[in-house]
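Student: I have a structure to look at and some terms I do not yet trust. Could we go through them one by one?

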Amino acid sequence: GVRVAQSPQSPGCVYCGLCMYGCPYGYIYNSEDTLRELQKNPNFTYQPDVVVTRLRESSTRVVIDGVHRVSREPFAAEAGRVYLAAGVIPTTQILLRSQSLYDHTVRLKDSQYFLIPLALTRSAGDVRHELLHTLSQLFVEIFDSQISPHSIHLQVYSYNDLIGSVVRKTFDPLAGPLEFLARSLERRLLIVQVYLHSNHSSRIALTLKKGEPDRMQLKGEPNSETKPMIRRVIRKLLRHALHFGAVPISPMLQIAEAGRGFHSGSSFPMSATPAAMQSDTLGRPHGWPRVHIADASA
């Protein structure tokens, strides 16, 4: 989120409009902030520049094997318990390699997204110089059983200069002579980012391939339900155009590839009674009582 003003010493968001590039004032949450806080604790040690390759578990300990990122020297550490949160693809790779499961395919579920512009029925004014943050301005949830038994999540974005550059590209090579049209469209344009449930989304097949070094092979698996679902969502937006005060611009629809929305997971799905390639309700992969998955892989 964005910090609002709290005191003269901590002014909070100054509405400079640079959110999409990274906040120059550090007001958008960054995990480095949490790391700095943790480093104040004497019981916390941070080991940078290490690439973890595999885990080995005994009845009392877990051995973490890896290499130093720069020197490529071997690295090893022992722990009573390991919380693995390397991100869904690296975590999956580490667990597959730790079990020597080469050429074994696991599948990630994904919340696929698409982008659709909305044209406001009224101009929003001089959006280029308006003071605002450029993160999502509004969340909308669609609960409509005639579209899907699951909720559909929408994030609405108002003007930022990335939108401005897209508008100008639309008018190329007449961007100069049609500058007034580009300005008019900017003042009326919203971007809606829509996330679908994983049942309506493509999946991603992950396979660990042996080599020097090992590599993960990723392959998208399209879902035939995705495009019909998108059409139903757009029709829903069109039916409510008067309530929104904005009309969807279907020709400018952009459907993202699987994984592009960064909401993927479930390579080791949780189960109360886990079998192979599943984890328990504490995130422990089957057969690994001292290792806990602490990211979206579970």
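**Terms and the values behind them**

Tutor: Start with the largest pocket of this predicted model. The lining of the largest pocket counts 32 residues, and those nearest its centre are Val-50, Val-51, Val-52, Ile-64 and Ile-94. Its volume is about 980 Å³.

Student: What makes a residue part of the lining of a pocket?

Tutor: A lining residue has an atom within 4 Å of a point of the pocket. Val-50 is among the 32 residues that line the largest pocket, so Val-50 has an atom within that distance.

Student: Which elements give two or more residues to this lining?

Tutor: Strands E1 (50-57), E2, E3 and E4 do, and so does helix H2. The largest share, 5 residues, comes from E1.

Student: How many residues of strand E10 are buried?

Tutor: In E10 (residues 203-209), 5 of the 7 residues are buried. Buried means under 20% relative accessible area, so each of those 5 residues falls below that value.

Student: Why is Arg-72 called exposed?

Tutor: Exposed means over 50% relative accessible area. Arg-72 has 51%, so the word applies. Arg-72 sits in the loop between E2 and strand E3 (74-79). Its phi is near 65°, which is positive in a residue other than glycine.

Student: Which other residue has a positive phi although it is not a glycine?

Tutor: Ser-266, with a phi of about 75°. Ser-266 is in the loop between strand E14 (264-265) and E15.

Student: How do you know that E10 and E11 pair?

Tutor: Two strands pair if there are at least two bridges between them. E10 and strand E11 (residues 215-221) have 7 bridges, in the antiparallel sense, so they pair. One example is Ala-205, which stands opposite Lys-219 in E11.

Student: What joins E10 to E11?

Tutor: A hairpin does, through 5 residues. Pro-213 lies in the loop between these strands, and the peptide bond from Glu-212 to Pro-213 is cis, with omega near 0°.

Student: How many bridges does E10 have with strand E5?

Tutor: E5 (residues 105-110) and E10 share 4 bridges in the antiparallel sense. That meets the cut-off of at least two, so E5 and E10 pair as well. Val-106 has Leu-206 in E10 as its bridge partner.

Student: What makes a residue such as Leu-206 a member of a nonpolar core?

Tutor: A member has to be a buried residue of a listed type, Leu included, joined to others through side-chain atoms within 4.5 Å. Leu-206 belongs to the largest core, of 22 residues, so Leu-206 satisfies these conditions. Leu-55, Val-82, Leu-96, Leu-206 and Val-291 touch the most other members. At least two residues each come from E2 (62-68), E4 (82-84), H2 (88-98), E5, E10 and E15, and H2 supplies the largest share, 4 residues. Apart from this core lies another, of 20 residues, among them Val-140, Ile-147, Met-229 and Leu-237.

Student: Which residues does Leu-96 touch?

Tutor: Leaving out residues up to four places away in sequence, Leu-96 touches Leu-101, His-104, Val-106, Leu-208, Met-216 and Met-277.

Student: Which element has the lowest mean pLDDT, and which the highest?

Tutor: Helix H3 (residues 161-171) has the lowest, 66, and strand E15 (residues 291-293) the highest, 98. The chain averages 89, and 90% of the residues score at least 70.

Notes: Residues numbered from 1 in each chain as written. Predicted model: local features only at pLDDT ≥ 70, side-chain atom pairs only at ≥ 80, totals over all residues. Heavy atoms only, no water. pLDDT = per-residue confidence, 0-100. Buried < 20%, exposed > 50% of the residue type's maximum accessible area, 1.4 Å probe, protein only. Contact = heavy atoms within 4.5 Å. 1 Å grid on protein atoms, 1.4 Å probe; cavity = no way out; pocket = protein on both sides within 12 Å on 5 of 7 lines; lining within 4 Å. Points joined across faces, edges and corners; volume = space filled by probe spheres on them.
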